[in-house]
Amino acid sequence: QCLDGFKCKYLILLAQDKLLAHISELESVAQTFGFKLNIKQKAKISPTTGKTDFTKWIILQEIAEENVLKLMSRSVCAMSAFELWGSGSDFSLLKQSILEYPLEQKRDCFKETQSFAIRVKGIGKKMSSEIQRERIDLLEDVLPFQGKVDLVNPSGEFYLVEDYSNRVQGQPPKEPDAILFGRLLCNGQRSLIERYSLKKRKFIGNTSMDVMLSILMTNLGGINKNSVVCDPFVGTGSLLIPAAHFGGYVIGGDINYNIIHARGRSSRKGAGWRQKDETIRHTLMEYGLRSQYLDVLLCDAACHAWNTNGKELFDAIITDPPYGIREACQKVGSKKQNPVVPELEPGLTHFPEQTEYHLEDVFKDLLNFAAQSLVAGGRLVYWLPVYRADYSPKVIPTHSLLKLMYNHEQILNSHSSRRLIVMEKLTKENVTETAQAVISSSVFSGHNSFRDKYFS
Ligand SMILES: C[S@@+](CC[C@H](N)C(=O)[O-])C[C@H]1O[C@@H](n2cnc3c(N)ncnc32)[C@H](O)[C@@H]1O
């Protein structure tokens with residue numbers, strides 16, 4: 001704990017994040033726990049490519065340690081958090097900075113009864129064990145540890161971090177840009193990526209969402225214990241699993257009968273027909289999350305089954321709508337002028353006719369659904385596919401009841417990307433006009449608007 005009257009700084013090491021969404025994630029988690037995070041960090045520009053570079057670490061100031069622990073209890077972008085004892089652009093500045101760090105704040109760790117381990121980590125460069133030893137020796141005179149070294153289960157674990165990530169012509173610089181030293185507080189939630197790995201999951205489809213991204217979306221969605229979370233394009237339910245893990249109650253809908261009722265062929269190569277237990281309910285059960293399952297419905301997002309009757313049902317909607325690349329964009333409907341709906345014989349299943357569902361309508365329906373059914377302050381998190389040459393902020397669908405919070409690009413290939421969009425529902429008092437979703441650009445109009453460009 002930080003001593004009374006002294007303000008500790010905390011170093012957060014970040015995982016590779018091509019979406020550059022780590023700050024959005026940390027801010028969202030802070031908001032979920034009811035505190036504000038002020039990260040003033042300029043984007044780093046790569047000297048070689050001129051593009052925004054990935055930030056590998058950040059320092060948090062003016063924050064209580066318990067709040068750092070809360071952030072780390074959720075973050076998938078943060079790898080580890082440390083109480084920062086010192087930093088500098090070279091070793092003498094680092095040592096000076098460690099010396100200046102109040103002794104009372106360090107004293108307990110130096111006690112004879114406290115075992116310790118010092119680990120050396122290079123960012124952007126491998127540190128040989130010889131160099132690691134050399135570095136530890138260099139710190140000896142400023143770190144008067146009295147306890148025993150214990151590399152397996154130490155009472156205190158310390159890290160020396162050297163940042164070589166600013167590469168020049170593909171090579172790490174000779175000297176690090178920054179050297180940091182701190183006491184490990186805890187790790188983030190990267191281990192969940194393995195725990196919920198798609199490789200080990202029985203029920204998957206060819207568009208099952210990557211686990212890291214599913215956790216990130218859950219955090220951006222502000223999901224917490226007892227949140228009610230809906231995915232209207234639920235597929236195999238990958239987005240609902242982290243939501244359930246963090247205490248949300250989950251519900252979803254999908255138009256695909258086979259997915260909802262565990263029929264048809266499994267997406268796993270050579271696995272044959274889907275088995276009865278290839279359902280979202282079973283998946284949650286296997287993860288010990290059965291209590292978080294509300295239901296999944298066979299239904300059409302264009303005419304959804306949740307008649308909210310003006311009630312705001314959901315705390316978050318997190319979803320990955322179909323773009324027409326690996327799954328069809330379809331809705332219930334007919335091209336015939338006067339389609340006849342057959343009388344249903346009891347016990348027989350009727351598969352309604354389906355027709356094209358243009359992306360423009362997919363997104364308008366989604367935003368209108370979110371505006372209707374989210375509680376005030378609730379969040380919509382979804383992916384928007386974009387042909388990169390077409391992109392401008394104008395292509396992002398808007399709704400006067402939904403405020404755009406974040407927009408991060410994930411590049412898929414040289415011509416296409418998808419954007420992770422986070423919107424927050426405003427209170428009705430803030431809006432006077434009749435609220436309807438608007439897409440001011442024409443890039444999503446017409447059938448297969450994204451697919452045709454993607455394959456052209
Ligand atoms: C990109 S996938 C979602 C995958 C899902 N996130 C997962 O992890 O498995 C889109 C899903 O939307 C469903 N879908 C397509 N059109 C729909 C509609 N009109 N209403 C509801 N679901 C629809 C598809 O069947 C598909 O399962």
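Which residue in β8 does G88 stand opposite? It's I179, and that pairing is a handy way into this predicted model. The two strands involved are β5, residues 78-88, and β8, residues 178-187. They run antiparallel to each other and are joined by 8 bridges.

Now zoom out to the sheet they belong to. Walk across it and you meet six strands in the order β4-β1-β5-β8-β7-β6. The sheet is open, and its pairing is mixed. At the two edges sit β4 (57-60) and β6, each with a pairing partner on one side only. If you look at how neighbouring strands are set against each other here, the average turn is 35 degrees, ignoring direction.

Let's stay with β6 for a moment. Is this strand, residues 116-123, largely enclosed or not? Of its 8 residues, 6 are buried, so the rest of the structure largely encloses it. Its pairing with β7 is parallel and takes in 8 bridges. To find one of these on screen, pick G122 and look for E162, its bridge partner in β7. To get from β6 to β7 the chain travels through α5, and this β-α-β crossover is left-handed.

After α5 (129-139), a loop leads on to β7 (156-163), and V149 is found in that loop. V149 has a relative accessibility of 57%, so it counts as exposed, the cut-off being over 50%. It also has company: V149, L151 and V152 make up a nonpolar surface patch, and together they offer about 340 Å² of accessible area.

Charged residues deserve a look too. The model has 12 salt bridges in total. One of them pairs D141 with K95, with 3.2 Å between the closest N and O atoms. D141 sits in the loop between α5 and β7, while K95 belongs to helix α3 (residues 91-100), so this contact ties together parts that lie 46 residues apart in sequence. Are the two partners buried or exposed? D141 is exposed, at 59% relative accessibility. K95, on the other hand, is buried, because its relative accessible area is 18% and the cut-off is under 20%.

Further along the chain, E194 and K200 meet through their side chains in a salt bridge of 3.1 Å, N to O. K200 is exposed, with 56% relative accessible area. Then there's K202, whose salt bridge to D277 has its closest N and O atoms 2.9 Å apart. This pair links distant parts of the chain, 75 residues apart: K202 is in the loop between α6 (191-195) and α7 (211-220), and D277 is in the loop between α9 (257-260) and α10 (280-286). K202 is partly exposed at 29% relative accessible area, and D277 also counts as partly exposed, at 23%. Salt bridges with shared partners also join E134, R135 and E162 into one network. You've met E162 already, as the bridge partner of G122.

That leaves another sheet to explore. Which strands make it up, and in what order? There are 7 of them, arranged β11-β10-β9-β12-β15-β17-β16, again in an open sheet with mixed pairing. The edge strands are β11 (293-298) and β16 (402-411), each pairing on one side only. Neighbouring strands of this sheet are turned against each other by 15 degrees on average, direction ignored.

A good place to dig in is β9, residues 228-231. This strand runs parallel to β10 (residues 249-254), and 4 bridges join the two. Two residue pairs to look up: V229 has V250 as its bridge partner in β10, and D231 has G252 there. Add helix α8 (residues 240-245) and you have a β-α-β unit made of β9, α8 and β10, which is right-handed. Recall that the crossover from β6 through α5 to β7 is left-handed.

β9 also pairs with β12 (residues 314-319), again in parallel, through 2 bridges. V229 turns up here as well: its bridge partner in β12 is A316. Put that beside V250 in β10, and V229 gives you a single residue to click on when tracing how β10, β9 and β12 follow one another in the sheet.

Notes
Residues numbered from 1 in each chain as written. Predicted model: local features only at pLDDT ≥ 70, side-chain atom pairs only at ≥ 80, totals over all residues. Heavy atoms only, no water. Patch = residues over 30% accessible without salt bridge, like charges linked within 9 Å, V, L, I, M, F, W, Y side chains within 5 Å. Areas by Shrake-Rupley, 256 points an atom, 1.4 Å probe, with all protein chains shown as cover. Salt bridge = Lys/Arg side-chain N within 4 Å of Asp/Glu carboxyl O. Buried < 20%, exposed > 50% of the residue type's maximum accessible area, 1.4 Å probe, protein only. Pairing = 2+ DSSP bridges. Right-handed = clockwise from strand over helix to strand, strands pointing away. Axes fitted to C-alpha atoms, helices over the stretch in contact; angles between N-to-C directions.
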